[in-house]
Amino acid sequence: MGKTFAPLWKSLGRGIRALVSRPEYVVALIVVPLVAVWFFDSLLSRGVTTRVPVAIVDLDQSEMSRAITRNLDVQQVLDITAKCESYEAAIDLVRQGKIFGFFTIPDNFEQDVFAGNNPTLNFYSNLTYFVPGTYSYKGFKAIAVATASSVIRDMAVSRGVPESVLEPLVQPVSLQINQINNPWANYAYYLGPSFTYGTLQLMILLLTIFSITMEIKDGTSPQWLRTGGNSILVSLTGKLLPQTVIFTIVGWAVMAVQFGFNHYPMNGSLAIMLIAMALTVVACQSLGVFYASLLPNPRLALSLGALTGILAFSLAGFSFPVQNMYGGIAIFSYILPVRYLFLTYIGVALNGVDPYYVRYDLIALVLFIPVGLSMVWNLKRMCKHPVYIP
């Protein structure tokens with residue numbers, strides 16, 4: 001039995017010695033993921049973005065325009081930090097990044113309203129910055145619609161229309177909004193895990209590829225292969241298993257910070273989330289093995305891994321729905337392990353569904369393992385006769 005497992009023990013020892021021999025391993029394994037969770041959770045600690053700085057351009061200076069300004073300023077999402085004399089002055093503040101939008105009230109607005117001349121309220125939102133731009137647009141639109149309804153109501157009442165008849169005409173449908181499972185509309189519960197899990201996937205991919213391809217670059221791959229009994233599977237296990245254990249513990253620590261210290265919702269099974277994290281680590285490593293086997297060159301394989309990890313923030317469906325992506329772009333979201341971890345988080349932690357309903361996401365993570373092993377024959381061939389091309 002001892003002789004049977006001797007190559008594995010030797011390979012494990014070699015893998016552990018490699019981890020403690022270079023500081024970049026410690027940085028990628030521990031420092032970057034923990035710094036990421038601290039940074040993003042601190043950034044999103046307020047949960048909901050409020051009081052977006054905006055400006056008002058009041059060219060009318062009437063009682064009605066001042067009432068609109070007051071209504072804008074009491075909006076929860078808006079903070080009027082500047083009152084400009086012209087469109088040019090307001091747009092200049094937008095270009096400087098001091099405000100994220102402005103609301104314009106035209107000349108003779110009140111006079112045109114009472115004369116029935118149908119004046120126009122204009123507002124501008126800088127959607128280059130998506131979240132504050134969207135909030136400013138939301139606040140501006142709410143006030144514009146409320147102002148239009150108020151004008152219609154006041155004019156109708158002044159002409160003798162009873163308010164009991166007018167109310168159903170001005171607002172025929174009443175809205176009742178129920179934000180299920182995240183009634184606070186807390187962005188941290190959605191964006192925090194997406195950023196931290198995405199960063200963790202990136203580090204796993206890069207470190208897996210780096211640790212394998214550097215054997216070829218340094219010319220030590222034949223020795224690495226002999227240590228594993230000339231078995232590429234044993235050699236990979238010995239090299240990657242210590243990283244698997246550390247990354248899994250770090251991933252669980254990230255979840256402990258989020259669910260324990262930051263009190264993210266956990267409406268389902270915590271055990272399923274821990275299992276999903278462990279499977280995600282293995283799936284990311286398998287994808288890294290596939291890249292390293294397909295392109296056994298540090299520069300090329302690391303570039304491909306970095307591209308995959310970075311695009312995950314856009315293509316995994318965190319910030320934009322997969323079903324609304326253009327053409328075949330959505331296909332790439334299904335080859336990203338972190339997508340299935342995030343779907344499990346949404347289903348189990350936020351929605352509290354039974355584990356049965358996230359079974360396909362967990363199975364998808366398991367299926368990355370045979371994909372990663374499909375090209376190891378090419379890796380073994382290169383390890384026997386390493387050729388490094390700068």
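# A tour of the predicted model

Begin with the sheet, which in this predicted model is an open one of 4 strands, arranged in the order 2-1-3-4 and joined by mixed pairing. Select strand 2 (78-84) and strand 4 (122-125), and you will find them at the edges of the sheet, where each has a single partner strand, so one side of each is left without a neighbour in the sheet. If you then turn the view to look across the strands, neighbouring ones are rotated by 25° against each other on average, when direction is ignored.

Next, select strand 3 (residues 101-105) together with strand 4; these two pair in the antiparallel sense, and the pairing runs over 4 bridges. To see one residue pair in detail, show Phe-102, whose bridge partner in strand 4 is Tyr-124.

Now add the helices that pack on this sheet. Helix 3 (residues 63-73) touches strand 1 (52-58), strand 2 and strand 3, and its direction makes about 140° with that of strand 2. Helix 4 (residues 87-95) also packs on the sheet, where it touches strand 1, strand 2, strand 3 and strand 4, and its direction makes about 170° with that of strand 3.

Before leaving this region, select Gln-61, which lies in the loop between strand 1 and helix 3. Its phi is near 55°, a positive value in a residue that is not glycine. This deserves a pause, because most residues other than glycine have a negative phi.

From here, move to helix 2 (residues 23-43) and helix 10 (residues 232-261), whose axes come within 10 Å and cross at roughly 15°. An angle under 35 degrees counts as roughly parallel, so helix 2 is described as roughly parallel to helix 10. The crossing of helix 2 with helix 10 is right-handed. Show the side chains where they meet: on helix 2 the residues include Tyr-25, Leu-29, Pro-33 and Asp-41, and on helix 10 they include Gln-243, Phe-247, Val-250 and Gln-258. Sorted by class, this contact of helix 2 with helix 10 has 12 nonpolar, 2 polar and 1 charged residues.

Close to the sequence start of helix 10 there is another residue to select, Asn-230, which is found in the loop between helix 9 (221-227) and helix 10. Although Asn-230 is not a glycine, it has a positive phi of about 60°.

The next stop is helix 8 (residues 188-217) with helix 11 (residues 270-294), whose axes come within 8 Å and cross at roughly 40°. That angle makes helix 8 oblique to helix 11, and helix 8 passes helix 11 in a right-handed crossing. In the contact, helix 8 contributes residues including Tyr-197, Leu-200, Ile-204 and Thr-208, while among those of helix 11 are Met-273, Met-277, Val-281 and Cys-284. The residues of this contact divide into 14 nonpolar, 5 polar and no charged.

Finally, zoom out until the whole chain is in view, with its 15 helices and 4 strands. How large is the radius of gyration of the chain? The value is 29 Å, well over the 21 Å that the globule rule gives for 390 residues, so the chain is more spread out than a compact globule. Along its principal axes, the C-alpha trace spans about 100 × 45 × 40 Å.

Definitions and conventions:
Residues are numbered from 1 along each chain as its sequence is written. This is a predicted model: local features need pLDDT of at least 70, side-chain atom pairs count only at pLDDT 80 or more; totals for chains, interfaces and linings use all residues. Side-chain values use heavy atoms; hydrogens and water are left out. Axes are lines fitted to C-alpha atoms, for helices over the stretch in contact, and angles run from 0 to 180 degrees between N-to-C directions. Angles under 35 degrees count as roughly parallel, over 145 as roughly antiparallel, 65 to 115 as roughly perpendicular and the rest as oblique. A crossing is left-handed if the near helix is turned anticlockwise from the far one by less than a right angle, and right-handed if clockwise. Contact means heavy atoms within 4.5 Å. Ala, Val, Leu, Ile, Met, Phe, Trp, Tyr, Cys and Pro count as nonpolar, Asp, Glu, Lys and Arg as charged, and the others, Gly among them, as polar. Two strands pair if DSSP finds at least two bridges between them. The radius of gyration is taken over C-alpha atoms; the globule rule is 2.2 Å times the number of residues to the power 0.38.
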